[in-house]
Amino acid sequence: MKKVIGVHFWERMARLCFCDVDSVSVAEINLPADIRRLNIVANDFSIKAALEAIDTFVKEKMNLSEYSLVIGVSDDTGLKETQLLYKCAKDMGIDIIRTVTETMAMAYYSYVAYELSGPVMMAFASPAKLAVAQYYLDRGKVITEDTFIADRWNASTIRKTDFLSSASKRFFDSSDAEVMLCAGSSDKCMDFNVAVEHYVSTSNTFNGRNVKFKMIGDESVIEGIGYICGKLEGREAFQGIDEEITLTPYDVFVSVNGQMYPIMEMNTLVPGAESIEVESYPESKKTDDEILVFEKRGNMFVRACRITIPKEKMEYFYQKACEFTLKSDENRRITFIVKNVMGEKEVDFKLIDYMTLEEEKEEKSESISDLIVKLIPIIDDLEYAVKYSKNDDNPYIQGIMKTYDKAMKILEENDVQVITGIGKEFDYNYQTAVMHVDDESLPYNTVKDVMQSGYVYKGKVLRPASVVVAN
């Protein structure tokens with residue numbers, strides 16, 4: 001089998017791991033400067049730039065021409081990002097054979113290193129996000145039970161943090177885990193420890209009041225990924241442990257020609273398949289059939305994939321009872337299947353084959369991005385004039401204010417978001433600290449003021465905000 005290399009994006013770098021006979025070795029490589037502030041798996045641009053850097057390192061420094069990757073991803077990574085990751089790798093001729101969440105890697109490592117058993121909570125606290133999930137460790141298995149939190153969080157209290165779903169808080173409160181392991185940035189781990197202690201002491205519903213909090217090193221993630229690499233390579237020292245993983249932390253829906261169907265719950269294990277029967281396949285009113293796959297993230301439906309099919313290929317199914325199936329292999333690759341209930345005919349579509357990167361739209365997106373970057377200094381001048389004007393009644397100033405408002409509206413209409421963050425926790429992914437001040441009225445690491453606004457266009461940071469950080 002080809003050499004299996006693990007990857008974890010951490011602290012603006014890519015950590016690589018690879019196995020010897022019975023140990024894991026780790027190397028670090030710098031990522032291109034223009035993606036260090038991005039969630040790497042958020043868009044194809046950052047994925048391709050990161051994979052290119054990794055491919056160059058593996059071929060030039062490790063002298064490997066053939067290899068496979070296991071990618072460690074954050075726990076909020078869903079079907080959309082996972083399939084995009086596979087799609088970009090496939091287009092570049094790079095083989096990704098597995099994705100593994102950060103808390104799963106921690107659980108795998110902890111089972112080996114600490115010989116834990118039973119229900120255990122795993123938390124990974126980074127400067128940008130917090131993930132909390134529960135696993136069951138026993139008899140050679142690491143089993144995913146629930147993901148509670150997987151997003152940005154408020155370090156002052158868990159109560160202000162969005163749980164993954166409306167039911168997640170209830171499951172979190174009823175957890176019977178006696179141990180909670182936390183890895184990531186040391187300061188964020190300590191923040192989480194304080195937040196957990198406060199939550200437990202003030203909650204009337206939290207079950208495990210004696211849960212023990214333990215910090216472990218962030219290397220536990222890359223080590224855990226390394227164990228999985230060793231297992232996939234067939235190395236004897238890394239056998240004996242199996243994992244049960246979920247496809248996505250979100251519920252999955254399928255829309256067929258405008259009709260929406262719930263098809264998969266958030267805790268669906270892979271490999272596996274979920275199906276739903278419909279009384280009548282809806283006939284398309286367009287020139288093609290359109291199948292959309294969505295993930296429900298909180299109150300929003302996020303599109304994971306769009307499939308368009310010539311009507312002549314699907315017209316057999318029109319107005320007939322059908323079964324829709326989403327099927328995942330062990331590597332989280334998805335196939336959507338339409339089958340006539342009578343079993344007469346079946347068609348299937350691999351999602352990554354239908355995830356077009358739409359080069360024409362990408363070129364348009366890049367040109368818009370370049371134009372916005374050129375306009376930002378002009379918007380800065382308007383912003384400064386409005387911010388420091390001493391006479392708002394002056395017709396000249398009012399004209400500037402109207403021009404500024406129009407410019408901001410145009411940016412908003414073109415999916416450009418303004419980065420400020422006053423009163424919120426400093427986020428190095430979107431902000432640059434140009435000054436630190438003491439202010440006892442504000443929590444630790446809070447943005448006190450914005451010296452210069454930043455801008456994000458479709459997940460790409462065009463310019464980080466320059467901010468003043470308190471404490």
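Modeller: Let's start with a term: a salt bridge is a side-chain nitrogen of Lys or Arg within 4 Å of a carboxyl oxygen of Asp or Glu. Keep in mind that this is a predicted model.

Colleague: Okay, so what makes Asp353 and Lys90 a salt bridge?

Modeller: Their side chains meet at 2.5 Å, N to O, and the cut-off is 4 Å, so the pair qualifies. The two partners come from distant parts of the chain: Asp353 sits in helix α8 (residues 351-354) and Lys90 in helix α2 (residues 79-92), 263 residues apart.

Colleague: And are those two buried or exposed, or something in between?

Modeller: In between. Asp353 has a relative accessible area of 38% and Lys90 has 47%. Buried means under 20% and exposed means over 50%, so values in between are called partly exposed.

Colleague: How many salt bridges does the structure hold?

Modeller: There are 22. Another one joins Asp242 and Lys231, at 3.0 Å from N to O. Asp242 belongs to strand β11 (residues 242-246) and Lys231 to helix α6 (residues 219-233), so this bridge ties together parts 11 residues apart in sequence.

Colleague: Why is Lys231 called buried?

Modeller: Its relative accessibility is 19%, and the limit for buried is under 20%, so Lys231 makes the cut. Asp242, at 40%, is partly exposed.

Colleague: Which other residue does Lys231 bridge to?

Modeller: Glu243, with the side chains meeting at 3.4 Å, N to O. Here helix α6 and strand β11 are linked again, so parts 12 residues apart in sequence are tied together. Lys231 and Glu243 are both buried. Through shared partners, salt bridges join Arg98, Lys231, Asp242 and Glu243 into one network.

Colleague: Let's zoom out. How do you know that the protein chain is as compact as a globular protein of that length?

Modeller: First the inventory: the chain has 10 helices and 26 strands. Its radius of gyration is 24 Å, and the globule rule gives 23 Å for 471 residues; the two are close, so the chain counts as that compact. The C-alpha trace spans about 75 × 60 × 55 Å along its principal axes, and buried residues make up 53% of the 471 residues.

Colleague: What makes Val270 to Pro271 stand out?

Modeller: The peptide bond between them is cis, with omega near -5°. Most peptide bonds are trans. Pro271 is in the loop between β14 (269-270) and β15 (272-278).

Colleague: And what is notable about phi of Arg12?

Modeller: Phi of Arg12 is near 65°, a positive value in a residue other than glycine. Arg139 also has a positive phi, near 50°. Most residues other than glycine have a negative phi. Arg12 lies in the loop between β1 (3-10) and β2 (13-19), and Arg139 in the loop between β7 (130-138) and β8 (141-151).

Colleague: Why is Arg139 called exposed?

Modeller: Arg139 is at 78% relative accessibility, and exposed means over 50%, so the label fits. Arg12 is at 36%, so Arg12 counts as partly exposed.

Colleague: Now the surface. Which residues gather in a patch of negative charge?

Modeller: Glu283, Asp288, Glu312 and Glu315. Glu315 is in the loop between α7 (311-314) and β18 (322-328).

Colleague: How do you know that Glu315 is open enough to be in a patch?

Modeller: Glu315 has a relative accessible area of 49%. A patch residue needs over 30%, so Glu315 passes that test.

Colleague: Which residues make the nonpolar surface patch?

Modeller: Leu371, Leu375 and Ile378 make it, and it covers about 260 Å². Ile378 is in helix α9 (residues 359-387) and, at 48%, is partly exposed.

Colleague: Last one: what makes Ile97 buried?

Modeller: Ile97 has a relative accessible area of 14%, and buried means under 20%, so Ile97 earns the label. Ile97 sits in strand β5 (residues 95-101). The C-alpha atoms of Ile97 and Asn331 are separated by 6.0 Å, though the two are 234 residues apart along the chain.

Methods: Residues numbered from 1 in each chain as written. Predicted model: local features only at pLDDT ≥ 70, side-chain atom pairs only at ≥ 80, totals over all residues. Heavy atoms only, no water. Patch = residues over 30% accessible without salt bridge, like charges linked within 9 Å, V, L, I, M, F, W, Y side chains within 5 Å. Areas by Shrake-Rupley, 256 points an atom, 1.4 Å probe, with all protein chains shown as cover. Lys, Arg positive; Asp, Glu negative; His and termini not counted. Charge placed at Lys NZ, Arg CZ, Asp CG, Glu CD. Helix = DSSP H or I, 4+ residues; strand = E, 2+ residues; numbered from the N terminus. Buried < 20%, exposed > 50% of the residue type's maximum accessible area, 1.4 Å probe, protein only. Rg over C-alpha atoms; globule rule 2.2 N^0.38 Å.
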